[in-house]
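Reader: I am in my first year and would like to look closely at one part of a protein model, namely its nonpolar interior. Could you take me through it slowly?

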Amino acid sequence: MRTRSVVGLNSVMSCKAALLAVAVVISCAACKASASNDPQSVLHAYSRALEEGRADDAYRMLSDEARRGTSLEAFRRMVRDDPGEVREIAKALARSTSAPVVTATVTTATGQELPLVLEKGKWRIDASAIDLYAQDTPRHTIQGFVRAVERKRYDVAMKYVPDAHKEGLDAQKLKAAWEGNDKEEIQTVVSALKQALPTTSPEETGDRASMSYGAGTIQLVRERGLWKIEDFD
C-alpha cells in the first residue's frame, strides 16, 4: 500500500441481507400508538407482516433512516421476488427469545457518535464510547483514524492498516511520510473526512465499505471482525 493512500494510505444488497438490516432499525414511533409498543412486539408485528406478504405494513414499521435507504417500491420488490426466503426470515425473527436491547446514538456536530443503552428505565453511556480508536464499524474506524493522525499516534494508525499492506511498514515510516512529503496531502484528506462524517454514512457491502469525502472515496475492509482502511481514491 502506498503511504499516500491510507498508509501512503459498491451497492445492491441481497433480499435476505436487506430485510435483516432494516429489521434492526424498526421504529416504534411508526407503529400505532399503544402501550404494547415495546421492541419485541414491534419486531413480532414486522415479522407477521413479512410472513403474510404485507410489504406496505412492514415498510411503515421502519425508521425514517431505513426508509431513506430503501424506497417503498424497492421494499415491495424484495418481498415479492422471493416470498419463500422472506417467510423464512419472518419466522426467524419471530423466534427471537433474547431480551430486547434498546439503544440510541447521539451524533455531535463534528460527526462523533456517542452510543447509549437503556437499562432499567435509564439511559446509560455504552461501553463502546470508551474506545477512542474502535474498529467495530466503518464510521468508528474512520473517526479513530482521523483522531490518530491528528494526535500523531502513528502506532495507533498502524491498527487501521490491512494485513496485506503491513509488510515493510511501521509507525516511523508513517511519521516520516505524513510529516514529510505527504504532509499536505494527508492533512487535506483528514480535513475532508472530518467535514464529511457528520452528513455522510459509509456504505457497507459484506466485508467491504466505502464513504465519499470531498473529491475522493475512502475504502475499508473487514478482517477478523475489525474494520481497516484500505485506500483513498
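Reader: How many residues does the largest nonpolar core have, and which of them have the most contacts inside it?

Author: Please keep in mind from the start that this is a predicted model. The largest nonpolar core is made up of 31 residues, and the ones with the most contacts inside it are I142, F145, W178, L193, Y213, I218 and F232. If you then ask which elements supply this core, those giving two or more residues include the helices α7 (138–150), α8 (154–157), α9 (171–178) and α10 (183–196), together with the strands β5 (208–213), β6 (216–223) and β7 (226–232). Among these contributions, the largest share is that of α10, which provides six residues. Apart from this core there is a second, separate one of 18 residues, and L50, Y59, A66 and L93 are among its members.

The last of these names, L93, leads us to helix α6, which runs over residues 83–94. Helix α6 has twelve residues and reaches 16 Å from its first C-alpha to its last, close to the 16 Å expected at 1.5 Å a residue. Its buried residues are V86, I89, A90 and L93. Because these four cover an arc of only 100 degrees around the axis, they lie on the same side of α6. A wider tendency may help you to place this picture: in soluble globular proteins, nonpolar side chains tend to be buried together.

It is worth setting the interior beside what lies at the surface, where V106, L114 and I125 form a nonpolar patch with about 250 Å² of accessible area together. Within this patch, L114 belongs to strand β2 (residues 113–119), and because its relative accessible area is 34%, L114 counts as partly exposed. By contrast, T103, which is found in strand β1 (residues 103–107), counts as exposed, because its relative accessibility is 54%. T103 and E119 are 16 residues apart in sequence, while the distance between their C-alpha atoms is 9.3 Å.

Finally, we can step back to the chain as a whole, which has ten helices and seven strands. Of its 233 residues, 39% count as buried, and its accessible surface comes to about 13,200 Å², with 50% of that surface belonging to carbon and sulfur atoms.

Conventions. Residues are numbered from 1 along each chain as its sequence is written. This is a predicted model: local features need pLDDT of at least 70, side-chain atom pairs count only at pLDDT 80 or more; totals for chains, interfaces and linings use all residues. Side-chain values use heavy atoms; hydrogens and water are left out. A nonpolar core is a set of buried Ala, Val, Leu, Ile, Met, Phe, Trp, Tyr and Cys residues joined through side-chain atoms within 4.5 Å. Buried means under 20% relative accessible area, exposed over 50%, partly exposed in between (1.4 Å probe, protein chains only). The expected span of a helix is 1.5 Å times one less than its number of residues. The arc is that of the directions from the helix axis to the C-beta atoms. Patches are made of residues with over 30% relative accessible area and no salt bridge: like charges are joined within 9 Å, nonpolar side chains (Val, Leu, Ile, Met, Phe, Trp, Tyr) within 5 Å. Accessible areas come from the Shrake-Rupley method with a 1.4 Å probe; for residues, only the protein chains shown count as cover. A salt bridge is a side-chain nitrogen of Lys or Arg within 4 Å of a carboxyl oxygen of Asp or Glu.
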